[in-house]
There are 2 protein chains.
Amino acid sequence: MRKIDIFNHIQPDSYFKYVQNLDAAKQDLGKRTSGNPWLRDLDHRFRIMDEFGDDYSQVLTVPGPQPAVLAGPEQSPAIARVANDGLADLCRRHPERFPGFVAVLPMNNVDAAIVEANRAIRDLGACGVEIFTNIRGKALDAPEFTPFWDEMAKLDRPIWMHPSRSSSLTDYASEKKSRYEIWFVFGYPYETSAAMARLVFSGLFDRHPGIQIITHHMGGMAPYFEGRIGPGWESLGKRTSDEDYSGVLSSLKRPHPEYFKMFYADTALFGARAATVCGLDYFGVDHVVFASDYPFDPKPGQFIRDTIAIIDGLDISEADRAKIYHGNAQKMLRLS
Amino acid sequence: MRKIDIFNHIQPDSYFKYVQNLDAAKQDLGKRTSGNPWLRDLDHRFRIMDEFGDDYSQVLTVPGPQPAVLAGPEQSPAIARVANDGLADLCRRHPERFPGFVAVLPMNNVDAAIVEANRAIRDLGACGVEIFTNIRGKALDAPEFTPFWDEMAKLDRPIWMHPSRSSSLTDYASEKKSRYEIWFVFGYPYETSAAMARLVFSGLFDRHPGIQIITHHMGGMAPYFEGRIGPGWESLGKRTSDEDYSGVLSSLKRPHPEYFKMFYADTALFGARAATVCGLDYFGVDHVVFASDYPFDPKPGQFIRDTIAIIDGLDISEADRAKIYHGNAQKMLRLS
C-alpha cells in the first residue's frame with residue numbers, strides 16, 4: 001500500500017552551507033542538527049527508504065531551528081528562501097522519493113512570511129507551510145499573526161505545526177525544568193498543546209473553519225487529556241483571579257472540545273502503539289496522517305519501521321488504513 | 001463490586017478555619033478552594049456517594065495549595081497537623097464512607113515533614129502521604145529531600161503525587177503561557193511528567209526499588225509519550241551543550257523506560273475512555289488504582305459516574321477490574 005510519510009527532515013546542501021555560519025546556528029546546529037549525519041546523506045536515506053519499497057515516499061522539510069530563531073527579521077526571509085529553494089530542488093530531482101515539501105517561513109517578519117508562503121506554494125510547488133508553536137516566545141494567536149492566518153486560509157493549504165524550543169530557552173531553562181532534556185521529551189508536546197489551546201480560544205476556527213493544521217506527534221497532549229480539555233475546561237475562569245475568562249467559552253460558536261478535534265495529527269509517536277490507538281480514537285481516521293519524523297530516530301529507519309508495524313496492526317478497515325497512509329495526505333497536500 | 005476511590009479532596013472545618021486567614025490562602029482559596037462549595041458540605045457529599053451504593057467509599061485528602069505554599073517553614077508544620085488531624089477525625093466518624101486518608105506534609109521543612117509523616121501514619125492511621133510535584137519551584141530530586149525519600153521507603157507506605165501550581169506561578173505566568181488556564185489543563189500533567197523524569201534519572205528507584213508513588217491523572221504524559229520516553233530519550237545528552245548527560249542512562253541499573261512503569265497511576269482522567277485504555281496498557285493492571293478527583297468535577301459526581309462507566313466497560317477480566325477498583329488499593333493502603 002502506498003505510504004506517504006508527511007513529516008521528515010532533510011538538510012539541502014545549499015541550506016546547510018548558508019546557515020552553518022550564522023551565530024544562532026553554530027550554537028544549536030552543533031548539537032542537534034549537524035550532529036545528525038543522516039540529515040544530509042542522501043544515499044544513506046535512499047538505502048533506508050528502499051527497505052520500505054517503492055510504495056514509500058517522504059514529504060520533506062528542513063530541521064529546526066526556524067528562520068525566526070536563526071536570525072532577525074532582516075535576514076530570516078533569505079534563510080527561508082534558501083531552505084525552500086533547496087527543498088524544491090530535491091523534489092524536482094527525486095520526484096518518486098520526494099513527492100512534495102513543506103516550506104518554512106520567516107515568522108518574525110510576517111509580511112515577508114506571507115510573500116514567501118505564496119512564492120513557495122505557487123512558484124515552487126510546496127504542499128503547505130511549517131510553523132513553530134511559538135515565534136521566539138510569541139504565541140501564535142498574537143494579533144500580528146492575524147494576516148498570516150488569513151492568508152493561509154485563502155491559500156487553502158495545510159500548516160504543519162512543529163514544537164519549538166525557542167520558548168524553552170527562556171521557560172524551561174530554569175534548573176528545575178531543563179534537566180535531562182525534559183524540554184524535548186515532555187516540553188515539546190506541552191508546547192504543541194498550549195499552542196492548540198491559544199488558537200482555539202482566540203477563535204481561529206470560527207474565523208477560518210476550513211483551516212488545516214497538522215499537529216506533530218499526534219496532537220500533543222490533547223487525546224490523552226481529552227477529559228481535561230472537556231469537563232476540565234468547562235470551568236474556565238474559576239481558577240483565575242487577575243483576568244476575566246468567563247466570556248471565552250460563550251464567545252465561541254461551538255462547544256470548545258470540538259475545536260481541538262479540528263486539528264489534524266500525524267503518527268510520529270516514536271513507536272507507541274496504545275497511544276496511536278488513543279490518538280486515532282480522538283481525531284478520527286479522516287484527521288490522522290502517516291509520519292515518522294525521519295531521521296530523528298535513534299537508529300535510522302526505526303521510527304518508519306515501528307510506525308508502519310503499528311498502523312498495519314490497527315484494528316481498522318483497509319479503506320481507513322489507506323486514508324492514514326496516503327488518502328488524507330493526497331487530498332490535503334494535493335498530491336497525485 | 002467494592003470501589004475504593006483513592007483520590008478525593010475535602011476540607012475539614014477545623015482546617016478551613018485555620019487556613020482561611022493565611023495571606024496565601026486568601027489569594028488562592030478565594031478562587032479555587034472556597035469557590036468550590038462541595039469541599040465542605042458533608043451532607044451533599046453523602047447524597048452524591050449514595051448514588052454509587054454502599055460499595056463505594058472515598059480516601060480523603062485536603063485540596064491544595066500545599067502547606068509549603070501556604071506558609072513558611074515555621075508555620076507549615078502546624079498547617080499539616082491541623083489538616084491531618086481533621087482528616088483523621090472524619091475517617092473515625094465515618095469509617096464506612098471514608099476508609100482512610102492521605103496526610104499532607106510541610107515539605108519546605110523536611111525534618112518536620114518526616115516527623116509529621118510518622119505521626120500521621122503511626123498515630124493517626126494515615127494510608128500514606130501526599131506530596132506535590134515541586135516544593136515552591138524546588139524539584140523533588142533536590143538533595144535536601146533525600147532524607148524524606150529514605151524515610152518513606154522505611155515507612156513503606158504509598159506517596160500520592162499531585163501536580164503543583166506553585167512553579168506555575170513563576171513558569172507559566174508569562175503572558176505566553178498562562179492564558180486560558182493552560183497551566184491547569186496541560187501544565188499539571190506536564191509538571192507530573194517532569195517530576196517523574198527527575199525522580200527516575202536521579203536514581204530514586206535504584207536506591208528504593210519498592211517505593212510506591214501514585215501519579216495523579218494516569219501518569220501524566222508518560223503513557224501517551226511512551227515513544228518519546230523510550231527511543232526519544234535514548235539519545236539523552238545529544239541535545240544539550242552546556243551539561244554532560246552522557247553518563248546518566250548508563251548510571252541506572254535498568255533500561256530507563258522501565259522505571260517510568262514503576263510508578264502507579266490513578267484513573268482520574270475526567271471521563272476519557274481511550275486514554276484510560278492507553279494508560280492501563282502502559283502501567284499494567286497491578287499499577288492502576290481507581291480515583292475520581294471528587295469534587296473537582298463540573299457537576300458533582302460526574303467524574304465518579306464517568307470513571308466507573310469507563311472501568312466497567314474495559315475489556316478485562318473481572319479479577320483485573322477488581323484490582324483496579326479495590327484490590328491494588330487494599331494492598332497498598334493496607335485497608336481491610
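B:Pro295 sits in the loop of chain B that runs between β10 (288–289) and α17 (302–313). The peptide bond leading into this proline, from B:Tyr294, is cis, with omega near 0°. The model is a predicted one.

**Unusual backbone geometry**

Most residues other than glycine have a negative phi, and most peptide bonds are trans. Several sites here depart from that pattern. A second cis bond joins B:Gly64 to B:Pro65, with omega near 5°. B:Pro65 belongs to the loop between β2 and α4 (67–70) of chain B.

Positive phi values also occur. A:Asp293 lies in the loop between β10 (288–289) and α17 (302–313) of chain A. Its phi is near 70°, although A:Asp293 is not a glycine. Is A:Asp293 buried or exposed? A:Asp293 has 23 C-beta neighbours inside 10 Å, so it counts as buried. B:Glu181 occupies the loop between α9 (175–178) and α10 (182–201) of chain B. B:Glu181 is buried too, because 23 other C-beta atoms lie within 10 Å.

| Site | Feature | Value |
|---|---|---|
| B:Gly64 to B:Pro65 | cis peptide bond | omega near 5° |
| B:Tyr294 to B:Pro295 | cis peptide bond | omega near 0° |
| A:Asp293 | positive phi | near 70° |
| B:Glu181 | positive phi | about 60° |
| A:Asp156 | positive phi | about 60° |

**Helix α7 of chain A**

A:Asp156 comes just after α7(A). The helix itself covers residues 146–155 of chain A, and A:Phe148, A:Trp149 and A:Met152 are buried in it. Seen down the helix axis, the buried residues of α7(A) fall within an arc of 95°, so they line one face. An α-helix has 3.6 residues a turn, so residues three or four places apart point the same way. What does the buried side of α7(A) pack against? Its partners are α6 (110–123), β7 (159–162) and α11 (204–207) of chain A.

**Core and strands**

In soluble globular proteins, nonpolar side chains tend to be buried together. The largest nonpolar core in this model holds 207 residues. The residues with the most contacts inside that core are A:Phe101, A:Cys278, B:Phe101, B:Ala103 and B:Cys278. Leaving aside residues up to four places away in sequence, B:Ala103 touches B:Asn84, B:Glu116, B:Ala117, B:Ala120, B:Ile121, B:Ala126, B:Val129 and B:Glu130.

Strand β1 of chain B spans residues 3–9. Six of its seven residues are buried, so β1(B) is largely enclosed by the rest of the structure. β1(B) pairs with β2 (residues 56–61) of chain B in the parallel sense, over five bridges. Within this pairing, B:Ile4 stands opposite B:Ser57 of β2(B).

**How the chains meet**

Two copies of a chain are related by a rotation about an axis and a shift along it. Here, chain A superposes on chain B by a rotation of 180°, with 0.0 Å of shift along the axis and an RMSD of 0.0 Å. The two copies are thus related as by a two-fold rotation axis. The same surface serves both copies, as 98% of the contact residues of chain A recur in chain B.

In the interface, 60 residues of chain A are in contact with 59 residues of chain B. On the side of chain A that touches chain B, the elements giving two or more residues are α2 (23–31), α9 (175–178), α10 (182–201), α13 (226–232) and α16 (273–283). Which of them gives the most? That is α10(A), with 11 residues. By type, this side of chain A divides into 30 nonpolar, 15 polar and 15 charged residues.

Technical notes: Residues are numbered from 1 along each chain as its sequence is written. Chains are lettered from A and ligands numbered from 1 in the order in which they are written. This is a predicted model: local features need pLDDT of at least 70, side-chain atom pairs count only at pLDDT 80 or more; totals for chains, interfaces and linings use all residues. A nonpolar core is a set of buried Ala, Val, Leu, Ile, Met, Phe, Trp, Tyr and Cys residues joined through C-beta atoms within 7 Å. A residue is buried if 20 or more other C-beta atoms lie within 10 Å of its own, exposed if 12 or fewer, and partly exposed in between; C-beta atoms are placed from the backbone. Two residues are in contact if their C-beta atoms, placed from the backbone, lie within 7 Å. Helices (H or I, at least four residues) and strands (E, at least two) are DSSP runs, numbered from the N terminus. The arc is that of the directions from the helix axis to the C-beta atoms. Two strands pair if DSSP finds at least two bridges between them. Copies are superposed by least squares on the C-alpha atoms of residues with pLDDT of at least 70 in both. Ala, Val, Leu, Ile, Met, Phe, Trp, Tyr, Cys and Pro count as nonpolar, Asp, Glu, Lys and Arg as charged, and the others, Gly among them, as polar.
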